[in-house]
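Open the model in your viewer and keep the selection tool at hand. This tour goes stop by stop.

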Amino acid sequence: MNQEELLKMVSLGDKEAFHQLYQETDKTVYSFILSILKNPQDAEEVMQETYMKIWTGAASYKPQGKPLAWIFTIARNLCYMKFRDQKRMADMGLDELSGEELGADFPPLENLADAIVLQAALEILKEDERQVVLLHAASGLKHREIAAALGMPLATVLSKYNRAIKKLKQHLGEE
Amino acid sequence: MPDTDRIKQNTRQLEQRIKSAVDALTPDVFDRLDLSVRQVQRPPAAQLSREARPEI
């Protein structure tokens with residue numbers, strides 16, 4: 001069953017179909033959210049909210065062969081809501097509670113080299129570059145799938161990807 | 001090793017490191033989802049067209 005069919009089943013309340021959809025998309029959805037928020041804890045919260053929205057709102061998906069683009073729209077909106085909440089907290093002087101500094105609340109990873117590369121990607125790349133790098137490298141989407149899901153021309157995705165990898169290599173002293 | 005091969009290998013290593021880091025970070029939130037929450041149902045097409053019709 002493809003993701004479009006799974007979403008249809010989810011809209012009918014099929015929990016097994018939802019679980020299958022979750023298993024097929026969790027890394028992609030998390031990568032996408034992390035590329036926007038840059039903070040693993042916030043990304044986890046928004047990931048949970050995203051899947052709840054998918055569960056409750058699957059019936060509003062209009063089959064157009066782009067289920068991932070629909071899921072990304074939900075996730076992106078929730079990320080921007082998170083930014084608004086954080087801005088409101090900052091305006092109220094509560095920003096110290098939110099742990100905004102990248103790295104300050106970055107969970108320890110067993111492999112330090114992996115952590116350094118991911119933190120570099122989150123810190124030095126622009127949002128659209130982070131998206132294509134994380135979606136391709138971490139979740140294994142092909143460049144053409146990323147282009148379709150983000151509504152970008154394939155050539156744009158490829159050039160952003162190559163530019164981002166070059167930046168990363170320069171930053172890490174590998175070029 | 002030729003330069004192009006070395007560049008490709010470096011890129012693959014970089015991608016692999018990003019993948020490993022994201023794999024390690026990706027949480028499993030499925031069990032935390034409350035699937036008893038009522039799903040929003042799409043109204044039947046006939047009802048949609050009635051609602052869309054302007055009142056006379």
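Start where the two domains of chain A touch in this predicted model. Here 14 residues of domain 1 of chain A are in contact with 14 residues of domain 2 of chain A. To find them, select 1–103 for domain 1 and 108–175 for domain 2. The centres of these two domains, taken over C-alpha atoms, are 20 Å apart.

Stay on the domain 1 side of that contact. Helix 2 and helix 4 (67–91) of chain A each supply at least two residues there. Helix 2 of chain A gives the largest share, seven residues. By class, this side has seven nonpolar, four polar and three charged residues.

Next, select helix 2 (residues 15–37) and helix 3 (residues 40–57) of chain A. Their axes come within 9 Å and cross at roughly 140°. An angle of 65 to 115 would count as roughly perpendicular and one over 145 as roughly antiparallel, so helix 2 and helix 3 of chain A are oblique to each other. The crossing is right-handed.

Now show side chains. From helix 2 of chain A, pick residues including A:Phe18, A:Tyr22 and A:Leu37. Across from that helix, in helix 3 of chain A, pick A:Pro40, A:Val46 and A:Trp55, among others. The whole contact between the two helices has 13 nonpolar residues, one polar and one charged.

Last stop: chain B. Of its residues, 24 are in contact with 39 residues of chain A. The chain B side comprises 13 nonpolar, six polar and five charged residues.

Before you leave, colour by pLDDT. Chain B averages 80, and 73% of its residues score at least 70. Where pLDDT is low, the predicted coordinates should not be read in detail. The model scores ipTM 0.86 and pTM 0.87.

How values were computed:
Residues numbered from 1 in each chain as written. Chains lettered and ligands numbered in written order. Axes fitted to C-alpha atoms, helices over the stretch in contact; angles between N-to-C directions. Helix = DSSP H or I, 4+ residues; strand = E, 2+ residues; numbered from the N terminus. Parallel < 35°, antiparallel > 145°, perpendicular 65-115°, else oblique. Left-handed = near helix turned anticlockwise from the far one by under 90°. Contact = placed C-beta atoms within 7 Å. Nonpolar A, V, L, I, M, F, W, Y, C, P; charged D, E, K, R; others polar. pLDDT = per-residue confidence, 0-100. Domains from an automatic or database assignment.
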